[in-house]
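Student: I have a chain to go through before the group meeting. Can we work from the coordinates?
Tutor: Yes, put it up and ask.

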Amino acid sequence: MTEVLLAVGTEKGLFLGRSRDRLTWKFSGPHFPMNAIYSVSIDRRDDRTRVLAGADSSHWGPSVWRSDDLGASWFEPPQPAVRFPESTGASLTRVWQLQPAGAEAPGVVYAGTEPAALFRSTDGGETFALVEPLWNHPQRPQWGAGYGGQGLHTILTHPRDPQRLLVAVSSGGVYRSKDGGDSWEPSNTGLRAEFFPQESQYPEFGQCVHKIAPDPVHPDRLYLQNHGGVYRSDDWGGSWRSIVDGLPAEFGFAVAAHPRRADTAYLFPLGGSDDRIPPGRRCRVFRTTDGGTSWQQLAEGLPGEDHYGIVLRDALRTDDAAPAGIYFGNRTGDVYGSRDEGESWSLLLSHLPDVLCVRAAVVG
């Protein structure tokens, strides 16, 4: 039987769960108590499993910790793993994203930060260097900040070409590189910025993208949850089209894709930018199995009426077991899991601090 590791980052620490049947779980934590855990990655390359955690201490500041024994012990480098060069005049607020590159780039891990910047590691996340061409992009000084801060929260590498990178910034929009990060261009055609004046709601950049997930089968297909709008791209971000029809609302933060099945993605809609609670006050995940042409409500085992917990951009995730497990945590401290691809749900944890991020993977 396979063992799944479930990592739940909260406002006050990291909780790690392990299960062989995804019915009964054994959790440890909180690791890093009183630290806000905005980012976690589970890297299974190089014949080992490494867990990286972006911990933000209100006293000591942000740091990236690593564990090579599934959280039994943690190591923090003597010098900050992620730090801005003095020449930038910037200082790190938090690490929003930790993303291992593909198997074709062993040792490479990317970090997305606030203020919005991209960092690259070539030693498995022990040290990072600023990707200066994106930081020096002439449009960067005009990027705004989302309600939670200006974060680079999505990092994707193309599955067939490690030189192709895509990032998303709140609020800067989508940017792509075709040369490993040496140059960047905005890639927001078709994405709406509803908070701009009506005559300028489709700008070249400045959109508040909330999250992007890649389709596992079609290498150029992406799913995007925007600040108002759900979109799909079939040319790896070159252009975007709406797939919101069939959803109860167009606002939300999170989107996740099935780990193996084409055209299958998951969302947790919210009422709107001024109504950030689930539509109808009901806890529901929505799934598409046809690339966004239609959506199906998944609510068996989830709370019905009078539910107010929202799911943040990195708090909805899948594992890579068969059948796929789907997990989400909310700001009321509940974590739900499905071991049948969303058909039914179980409460795994409750009464945690605000859940900021969730990650899951088969580790044994």
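Student: Is D234 buried, partly exposed or exposed?
Tutor: D234 is partly exposed, at 38% relative accessibility. Buried means under 20% relative accessible area and exposed over 50%, with partly exposed in between (1.4 Å probe, protein chains only). A caution on provenance: this is a predicted model, where local features need pLDDT of at least 70 and side-chain atom pairs count only at pLDDT 80 or more, while totals for chains, interfaces and linings use all residues. Residues are numbered from 1 along each chain as its sequence is written, and side-chain values use heavy atoms, with hydrogens and water left out.

Student: What does the D234 side chain meet?
Tutor: R221, in a salt bridge at 2.7 Å, N to O. The term covers a side-chain nitrogen of Lys or Arg within 4 Å of a carboxyl oxygen of Asp or Glu.

Student: Where do those two sit?
Tutor: D234 is in the loop between β17 (230-233) and β18 (241-242), and R221 is in the loop between β15 (209-214) and β16 (222-226), 13 residues apart. R221 is buried, at 14% relative accessibility.

Student: How many salt bridges are there in the whole structure?
Tutor: The search finds 21. One of them pairs R50 with E126 at 3.4 Å, N to O. R50 lies in strand β5 (residues 50-57) and E126 in the loop between β9 (117-121) and β10 (129-130), so the pair links parts of the chain 76 residues apart. Strands are DSSP runs of E, at least two residues, and helices are runs of H or I, at least four, both numbered from the N terminus.

Student: Which of R50 and E126 is buried, and which is partly exposed?
Tutor: R50 is buried at 6%, whereas E126 is partly exposed at 27%.

Student: And what about D314?
Tutor: D314 forms a salt bridge with R317 at 3.9 Å, N to O. D314 is buried, at 1% relative accessibility. Elsewhere, salt bridges with shared partners join R50, R66, D68 and E126 into one network.

Student: Changing topic: how many helices and strands?
Tutor: One helix and 27 strands.

Student: What is the radius of gyration?
Tutor: It is 19 Å, which agrees with a compact globule of 364 residues, near 21 Å. The radius is taken over C-alpha atoms, and the globule rule is 2.2 Å times the number of residues to the power 0.38. The C-alpha trace spans about 50 × 50 × 40 Å along its principal axes.

Student: What share of the residues is buried?
Tutor: Of the 364 residues, 60%.
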